[in-house]
Amino acid sequence: MKKLFILLMILAAVCFVGVWIYQTQRLKKNAQAPIGKGQVVMNWGLIVLFVVGLVGAFAAPEDKTSEPAEHHPANEHATKVSKAQSSSESAAAASSSSSQSASSSSASSSSSSQLQVDFPTDVSLNKTGDATVSFKAPANTQFEIKDSNNNVVTTLNGNAQGADQTYNFKKPGKYHVTAHNGDQTIDKDLTVRGIGQ
């Protein structure tokens, strides 16, 4: 693609220089020769083509011959990761049963400490133009809802009882919901569709 823009730029420059030489010689021979609209349009057209070629030569993406080389290291990394995972799995299988039970209890405690929130991620406005969403989460969980422009729409503060929190959406769009509980945070997207969508 870059070569095409460079070729366009060179052709426009050569044509412009040729037309300019022709026009200046014509004016030297006959100082009374009027400059026609066609000459003006041709000059400006060649200048525009030259500028398009110049901008395109710098803005066009690189040739596609370099893409396989860029993807190659990622494949090597994935292979190394899978080899490391398989070696760690085989090492875990070879360890004693007491270490297996200790690692499984630590894994279950880490998964239970993950913040769990539940709410629908795709809702539609009803006939009155409202969409009420109920957010279910543990006690003292705070929700922050932002619109697609990253503006904060509302903040819902959790209570000690852990009751469901609700918010009534009035406008369709994409929203980003962030739930905070202590040092735990979870992010989810929420889509509010228009009436009848």
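Where is the place of N140? N140 sits in the loop between β2 and β3, elements taken here as DSSP runs numbered from the N terminus, with at least four residues (H or I) for a helix and at least two (E) for a strand. N140 is not a glycine, yet its phi is positive, at about 65°. With 48% relative accessibility, N140 counts as partly exposed, on a scale where buried means under 20% relative accessible area, exposed means over 50%, and partly exposed is in between (1.4 Å probe, protein chains only). N150 also has a positive phi without being a glycine, here about 70°. N150 belongs to the loop between β3 and β4 and is exposed, its relative accessible area being 54%.

A word on the model itself. It is a predicted one, in which local features need pLDDT of at least 70 and side-chain atom pairs count only at pLDDT 80 or more, while totals for chains, interfaces and linings use all residues. Residues are numbered from 1 along each chain as its sequence is written, and side-chain values use heavy atoms, with hydrogens and water left out.

As for the overall layout, the protein chain has four helices and seven strands, and along the sequence these run α-α-α-α-β-β-β-β-β-β-β. Of its 197 residues, 20% are buried. The accessible surface of the chain is about 13,900 Å², with 59% of that belonging to carbon and sulfur atoms; such areas come from the Shrake-Rupley method with a 1.4 Å probe, and for residues only the protein chains shown count as cover. Among contacts (heavy atoms within 4.5 Å) with a separation of 6 or more, 56% are between residues 24 or more positions apart.

On to the helical part. A nonpolar patch on the surface is formed by L27, I35, V40, W44, I47, F50, V51, L54, V55 and F58, together offering about 940 Å² of accessible area. Patches are built from residues with over 30% relative accessible area and no salt bridge, joining like charges within 9 Å and nonpolar side chains (Val, Leu, Ile, Met, Phe, Trp, Tyr) within 5 Å. Helix α2 (residues 37-59) supplies the largest share of this patch, eight residues. W44 is found in helix α2 and counts as exposed because its relative accessibility is 56%. A59, also found in helix α2, is exposed at 60% relative accessible area. Its C-alpha lies 9.7 Å from that of F5, although A59 and F5 are 54 residues apart in sequence.

The strands bring us to the interior. The largest nonpolar core, meaning a set of buried Ala, Val, Leu, Ile, Met, Phe, Trp, Tyr and Cys residues joined through side-chain atoms within 4.5 Å, has 18 residues, and F135, F143, F169, L190 and V192 touch the most other members. Two or more residues of this core come from each of β2 (131-135), β3 (142-146), β6 (173-181) and β7. Leaving aside neighbours within four places in sequence, F135 is in contact with ten residues' worth of surroundings listed as D118, F119, F143, I145, L156, D164, Q165, Y167, F169 and V177. 

Two threonines on other strands are worth a look. T154, in strand β4 (residues 152-156), counts as buried at 16% relative accessibility. With neighbours within four places in sequence left out, T154 is in contact with F143, E144, I145 and Y167. T185 lies in strand β7 (residues 184-193) and is partly exposed, at 44% relative accessibility. Under the same exclusion of neighbours within four places, the contacts of T185 are L115, T178, A179 and H180. T185 and L115 are 70 residues apart along the chain, and their C-alpha atoms are separated by 7.0 Å. The side chains of T185 and H180 make a polar contact at 3.4 Å. Such a contact is a pair of N or O atoms within 3.5 Å; within protein, one must be able to donate a hydrogen and the other to accept it, and residues adjacent in sequence count only if both atoms are side-chain atoms.

Finally, the charged pairs. With a salt bridge taken as a side-chain nitrogen of Lys or Arg within 4 Å of a carboxyl oxygen of Asp or Glu, the count is three. One of them joins D122 and R193, whose closest N and O atoms are 2.9 Å apart. D122 is in strand β1 (residues 122-124) and R193 in strand β7, so this pair ties together parts 71 residues apart in sequence. D122 is partly exposed at 43% relative accessible area, as is R193 at 35%. Another salt bridge is formed by D130 and K170, with closest N and O atoms 2.9 Å apart. This pair links distant parts of the chain, with D130 in the loop between β1 and β2 and K170 in the loop between β5 (165-169) and β6, 40 residues apart. D130 counts as buried at 17% relative accessibility, whereas K170 counts as exposed at 52%. K146 and E144 also form a salt bridge, their closest N and O atoms being 4.0 Å apart.
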